[in-house]
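Let's take a walk through this model, from one pair of hairpins out to the pockets and the chain as a whole. Keep the 3D view open while you read.

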Amino acid sequence: MSSLGSTDLAGLTTDDKSLYLFYQRSGYIVEAFSEDGGSPTQASVQVAADAQSDGSPLTAYFVKEDLNFDKQSTIHMIYLNKEGHLVEKVRRVSSDKWEDAPKPPGHTAEHSRITSCVSQGGLDKESSNGTQLVFFTSRDKQGKSPITELRRDNRGDFRSEQVLSDEPLSLPGTHLACLITSENVDLYHQDHDKNIKWWRYETERKRWENKGKVLEGNRVMVRTPLASVNPEGKNHILYADDQMRLRDYVDGKTLDVVRRVHGDAGISAMVYRNKIILFYKMVEPEGAIGTASFTEGRWKEEGVFIKP
C-alpha cells in the first residue's frame, strides 16, 4: 500500500548504519528499516493503528542510553492519534516490540505539527545524562498559538512548558524544525506572513531569544514543510519555495535540492555517514517516498526509497 499523500516523515539512524523511516499508510503509522541506507528490503512494520485519516503529525528520535530502560538504546515515536491526543510509543533497539509510554502532557492546537531533537549528553549540568525535546503548537484561552516544549532529561516523564507564548506567532498548521547542540536549541517555524522565523534557547542564559526572520515569506510556500540539520556546525534549513521546489538555506546561500515536492506532506533530514539524507514525498511516481543527499557542497536526487 502506498504512503499517504499527506504523510509526515521522520527518519533516524541508531549507529550510522541502520536507518529507520516512519511514515503513514492509510490509518497506520509504519516503520521502514534499511541496513545500509538503500531502499528497504523488507516490508514496513506497523507501529500504530489509530492515526488520523488525513495524516497524523509525527516525530521520532533515538536515545543511546535510556535511563527509563536500564540504559538500553531506544527509539521513541510521538504522534497525534485520530482523537487528537498526543501518543508516545517506545521500542528498545534490541527488540521488535513497541511499548506504550505514559501519555505526554499538553494539548495541541488544531492542525499542529510536531518536531523533536535530542542531546545524548544533555544541555546543562542538571541534564548531563541526556535531554529529549519535543515541540508542538498548542492552544490557549486568549486565542493565541504558543509553541509548547516537552522536556525529559532522559528519565521519568515529560514536563511541559510554553516556550514562545507572548504573541500569536505561528501560521496555523505551520511545520516546525529544531536543532540541538551542547550550547543552544534552535527552533524554526512559519509566521502569518509566510516568513521562516528563528528562535534560539541559550543554555547558559536559560531563555529563548527571537533571532528574527531567516527567509522572507514572498519566496516560501504557505505551510512549507521544514527540516533542519547541523553538520560541521552549519545550520541547514530545508523548505519549499513558492514553486514547490525543495531548497536548502545554509551560510546565507540557497541551494537547489529537489525539483518538486508533494505539497501536503512533511520532510525529514538527518546526518548519515558524513552526509545529509533528506526524505520527501515524491510527486512521481505517485505514492513513493524519495531521498536526496548532500555531499561536498551539492545536493543530488537519489530516487525512490519507499516504493508506491
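Before the hairpins, a quick word on terms: strands here are DSSP runs of E with at least two residues, numbered from the N terminus, and two strands count as paired if DSSP finds at least two bridges between them. Bear in mind, too, that this is a predicted model.

With that in hand, look at strand 2 and strand 3, which make a hairpin with two residues between them. In that turn, Ser26 has a positive phi of about 55°. Seven bridges hold the antiparallel pairing of strand 2 with strand 3, residues 28–34, and one spot to check is Gln24, which sits opposite Ile29 in strand 3.

Strand 2 has a partner on the other side of the story as well: strand 1 runs antiparallel to strand 2, with four bridges joining them. Here Thr13 has Leu19 of strand 2 as its bridge partner. This hairpin has five residues between its strands, and Asp16 in the turn shows a positive phi of about 65°.

So is strand 2 mostly covered or mostly open? Mostly covered: six of the seven residues in 19–25 are buried.

Strand 1 (10–13) also turns up at the largest pocket, as one of the strands that each supply at least two lining residues; strand 5 (58–66) and strand 21 (268–272) are among the others. Strand 9 gives the most, with six residues. Nearest the centre of this pocket are Ser116, Cys117, Val118, Ala269 and Met270, out of 39 lining residues.

The second largest pocket has 28 lining residues, and Gly55, Pro57, His111, Ser112 and Arg113 are the closest to its centre. Here are the two pockets side by side:

| Pocket | Volume | Lining residues by type |
|---|---|---|
| Largest pocket | About 1,000 Å³ | 23 nonpolar, 14 polar, two charged |
| Second largest pocket | About 560 Å³ | seven nonpolar, 13 polar, eight charged |

Now zoom out. How many helices and strands does the protein chain have? Zero helices and 24 strands. Its C-alpha trace spans about 50 × 45 × 40 Å along the principal axes. The radius of gyration is 18 Å, which agrees with a compact globule, because a chain of 308 residues folded that way would come out near 19 Å. Buried residues account for 55% of the 308. As for contacts between residues at least 6 apart in sequence, 41% of them join residues at least 24 apart.

Terms used. Residues are numbered from 1 along each chain as its sequence is written. This is a predicted model: local features need pLDDT of at least 70, side-chain atom pairs count only at pLDDT 80 or more; totals for chains, interfaces and linings use all residues. Side-chain values use heavy atoms; hydrogens and water are left out. On a 1 Å grid over the protein atoms alone, a cavity is a set of points where a 1.4 Å probe fits but cannot get out, and a pocket is an open set with protein on both sides within 12 Å along at least five of seven lines; lining residues have an atom within 4 Å of a point. Grid points are joined across faces, edges and corners, and a volume is the space filled by probe spheres set on the points. Ala, Val, Leu, Ile, Met, Phe, Trp, Tyr, Cys and Pro count as nonpolar, Asp, Glu, Lys and Arg as charged, and the others, Gly among them, as polar. Buried means under 20% relative accessible area, exposed over 50%, partly exposed in between (1.4 Å probe, protein chains only). The radius of gyration is taken over C-alpha atoms; the globule rule is 2.2 Å times the number of residues to the power 0.38. Contact means heavy atoms within 4.5 Å.
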